[in-house]
Amino acid sequence: MGPYQLQAAIAAVHAAAASPEGTDWPQIAALYLWLERLNPTAPVRLSRVVAVARAYGPVRGLALLDDLNRRFRLDREPLTRQRERAVRAHLRETAGDPAGAATLYREAATLTRNQVERRYLLARADRLR
């Protein structure tokens, strides 16, 4: 199995779910792990963090994100620098740390040139005040 088949399998699992809550997130997390082994890029690693957090909770997602940052510096990679902060903010919010999440949403907002995304991230931060 190659990376395209794994990407198709991930898409198929998403498509088979009636809702985000009904998605087989453990299967998606496992597929991303295999995809990461074949295609070890920063975006694939960050996607695995999201899948793990959805499957096993935000604390486990944050632990994986911390580990991947130590090993691969997703927070400094051009393709994931801004998204790493947005993902971390969401996970911190979900884990019950609104102040930390708000700070991270603001950091993520400063790292994007997309005005729609910037407004969205700042609104998320403002909502947590």
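1. At what angle do the axes of H4 and H5 cross, and within what distance do they come? They cross at roughly 150 degrees and come within 9 Å. Keep in mind that this is a predicted model, where local features need pLDDT of at least 70, side-chain atom pairs count only at pLDDT 80 or more, and totals for chains, interfaces and linings use all residues. Residues are numbered from 1 along each chain as its sequence is written, and side-chain values use heavy atoms, with hydrogens and water left out.

2. Some bookkeeping on that pair. Helices (H or I, at least four residues) and strands (E, at least two) are DSSP runs, numbered from the N terminus. The axes are lines fitted to C-alpha atoms, for helices over the stretch in contact, with angles from 0 to 180 degrees between N-to-C directions. The crossing makes H4 roughly antiparallel to H5 (under 35 degrees is roughly parallel, over 145 roughly antiparallel, 65 to 115 roughly perpendicular, the rest oblique). H4 passes H5 in a left-handed crossing, meaning that the near helix is turned anticlockwise from the far one by less than a right angle, while clockwise would be right-handed.

3. Who makes the H4 and H5 contact? On the H4 side you'll find Pro-58, Gly-61, Leu-62, Leu-65, Asp-66 and Asn-69, and H5 brings Glu-84, Arg-88, Leu-91, Arg-92 and Thr-94 (contact is heavy atoms within 4.5 Å). By class these residues split into 4 nonpolar, 3 polar and 4 charged. Here Ala, Val, Leu, Ile, Met, Phe, Trp, Tyr, Cys and Pro are nonpolar, Asp, Glu, Lys and Arg are charged, and the others, Gly among them, are polar.

4. Now H3 (residues 42-56) against H4 (residues 58-72): the angle is about 160 degrees and the axes are 7 Å apart. That puts H3 roughly antiparallel to H4, with a right-handed crossing. From H3 come Arg-45, Leu-46, Arg-48, Val-49, Val-52, Ala-53 and Tyr-56, and they meet Pro-58, Arg-60, Gly-61, Leu-64, Leu-65, Leu-68 and Phe-72 of H4. This contact counts 10 nonpolar, 1 polar and 3 charged residues.

5. Next, H1 (residues 3-16) and H2 (residues 25-38), whose axes come within 9 Å and cross at roughly 165 degrees. H1 is therefore roughly antiparallel to H2, and the crossing is left-handed. H1 offers Pro-3, Leu-6, Gln-7, Ala-9, Ile-10, Val-13 and His-14, which meet Trp-25, Gln-27, Ile-28, Leu-31, Tyr-32, Trp-34, Leu-35 and Leu-38 of H2. The tally is 12 nonpolar and 3 polar residues, with no charged ones.

6. The loop between H4 and H5 deserves a look, starting with Thr-80, which lies there. Thr-80 is buried at 1% relative accessibility (buried is under 20% relative accessible area, exposed over 50%, partly exposed in between, with a 1.4 Å probe and protein chains only). Leaving aside neighbours within four places in sequence, Thr-80 is in contact with Ala-42, Pro-43, Leu-46 and Leu-74. Leu-46 is 34 residues away along the chain, and its C-alpha atom is separated from that of Thr-80 by 7.4 Å. As for Leu-74, the side chain of Thr-80 reaches its backbone oxygen at 2.7 Å.

7. Arg-73 sits in the loop between H4 and H5 too. Its phi is near 55 degrees, a positive value in a residue other than glycine, so check that backbone in your viewer. At 33% relative accessibility, Arg-73 is partly exposed.8. Buried or exposed: what is Asp-75? Asp-75 is buried, with a relative accessible area of 16%, and it belongs to the loop between H4 and H5. Not counting residues up to four places away in sequence, Asp-75 touches Asn-69, Arg-81, Glu-84 and Arg-85.

9. Arg-85 picks up the thread in helix H5 (residues 81-94). Arg-85 is buried as well, with a relative accessible area of 17%. With residues up to four places away in sequence left out, Arg-85 touches Asp-75, Leu-104, Glu-107, Ala-108 and Leu-111.

10. Last, Asp-126 in helix H7 (residues 115-127). Asp-126 is partly exposed, at a relative accessible area of 39%. The C-alpha atoms of Asp-126 and Tyr-105 are separated by 9.2 Å, with the two residues 21 apart along the chain.

Key:
Polar contact = N/O pair within 3.5 Å; in protein donor to acceptor, adjacent residues only side chain to side chain.
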